[in-house]
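Work through the exercises below with the sequence and the coordinates at hand, and try each task before reading its solution.

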Amino acid sequence: MTTALSPGAWPALVLNADYRPLSYYPLSVWSWQDAIKAVFLDRVNIVEYYDKAVRSPGFEIRLPSVVSLRTFVKPTRQPAFTRFNVFLRDRFSCQYCGSRDDLTFDHLIPRSKGGQTTWENVVAACSPCNLRKGGHMPGDAGMWPAQMPFQPSVHDLHQNGRHFPPNYLHQSWMDYLYWDTELDP
C-alpha cells in the first residue's frame, strides 16, 4: 500500500527485515495510521521517528518515519508487467518522438497482426505517435522505437527510477535509500 508523499501526510518508509526498502519504484511507504497499526500488531520495529505525536486521552505515541518488518519478505526476481513498469523501463518518454506528455503504450507488432501484450512487444508512446503508427508495422509506418522493448530486471527499473525521485523524501529516510550508490571520495 502506498500513501501520498507529502510532509503533512507523515508517511512511514517501510523497510524489509534487512533494512532495505521493500520497493524503490514506487517507494514503499505506509500512511502513519497503517504504520501505527503495524506497530500495535507487532509486525514492525520503529527505526526512526518524526517530531510529531498522536494522542488519545490515555495514550501518546510519536509517529514513525521509518519502520522495518520483523519478518523478511523475499524480493521478487522479475518485475511485474504493469503500465507503470513499462513507462519506467522507457524512462517515461515516448519511444518514437521523446515526448513525456500524454503517454500510453504501443504494440510494436500490432495486435491485429498477431502481436502480443508482452515486455518484448510493448513500448511507451505518446498518443499522437500511437495514433500515427496505428495498426502498422514499424517499417511500414517508418517509426522505430529509440530502444527496442525488452523484459527489464528489477535492477534495470531501479537504475531508471533514480532519474524520477518521489516528490517527497523525509531526511530520516536518506540513510536507508540508495545504499548502492557510489560514495564521494
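Four exercises follow, on confidence, overall form, cysteines and the largest pocket of this predicted model.

**Exercise 1. Confidence**

Determine which elements of the protein have the lowest and the highest confidence.

*Solution.* Begin with the whole chain, for which the mean pLDDT is 89, with 91% of the residues scoring at least 70. Then go to the single elements: the lowest mean, 85, belongs to α5, whereas strand β6, covering residues 122-126, has the highest, at 97. As a caution for the later steps, predicted coordinates should not be read in detail where pLDDT is low.

**Exercise 2. Overall form**

List the order of the secondary structure elements, and decide whether the protein is as compact as the globule rule gives or more spread out.

*Solution.* The protein has 5 helices and 6 strands, and their order from the N terminus is β-β-α-β-β-α-β-β-α-α-α. Next, compare the radius of gyration of the protein, 21 Å, with the 16 Å that the globule rule gives for 185 residues; the computed value is well over the rule, so the protein is more spread out than a compact globule. The box filled by the C-alpha atoms, taken along the principal axes, is roughly 70 × 40 × 35 Å. Of the 185 residues, 38% are buried.

**Exercise 3. Cysteines**

Establish how many disulfides the structure holds, and explain why the sulfur of C126 is not bonded to that of C129.

*Solution.* The count of disulfides is 0. For C94, the nearest cysteine sulfur is that of C126, 3.8 Å away, and C94 is in no disulfide. For C126, the closest cysteine sulfur is in C129, at 3.6 Å, which is too far for a bond, because a disulfide requires two cysteine sulfur atoms within 2.5 Å. Turning to accessibility, where the cut-off for buried is under 20% relative accessible area, C94 counts as buried at 3%, and C126 is likewise buried with a value of 3%.

**Exercise 4. The largest pocket**

Describe the lining of the largest pocket by position, by helix and by class of residue.

*Solution.* The volume of the largest pocket is about 820 Å³. Its lining consists of 27 residues, of which L22, S23, Y24, P75 and V154 are the closest to the centre. Among the elements, α2 (83-89) and α5 (154-161) each contribute at least two lining residues, and α5 gives the most, with 4 residues. Sorted by class, the lining comprises 15 nonpolar, 8 polar and 4 charged residues.

Terms used
Residues numbered from 1 in each chain as written. Predicted model: local features only at pLDDT ≥ 70, side-chain atom pairs only at ≥ 80, totals over all residues. Heavy atoms only, no water. Buried < 20%, exposed > 50% of the residue type's maximum accessible area, 1.4 Å probe, protein only. 1 Å grid on protein atoms, 1.4 Å probe; cavity = no way out; pocket = protein on both sides within 12 Å on 5 of 7 lines; lining within 4 Å. Points joined across faces, edges and corners; volume = space filled by probe spheres on them. Nonpolar A, V, L, I, M, F, W, Y, C, P; charged D, E, K, R; others polar. pLDDT = per-residue confidence, 0-100. Rg over C-alpha atoms; globule rule 2.2 N^0.38 Å.
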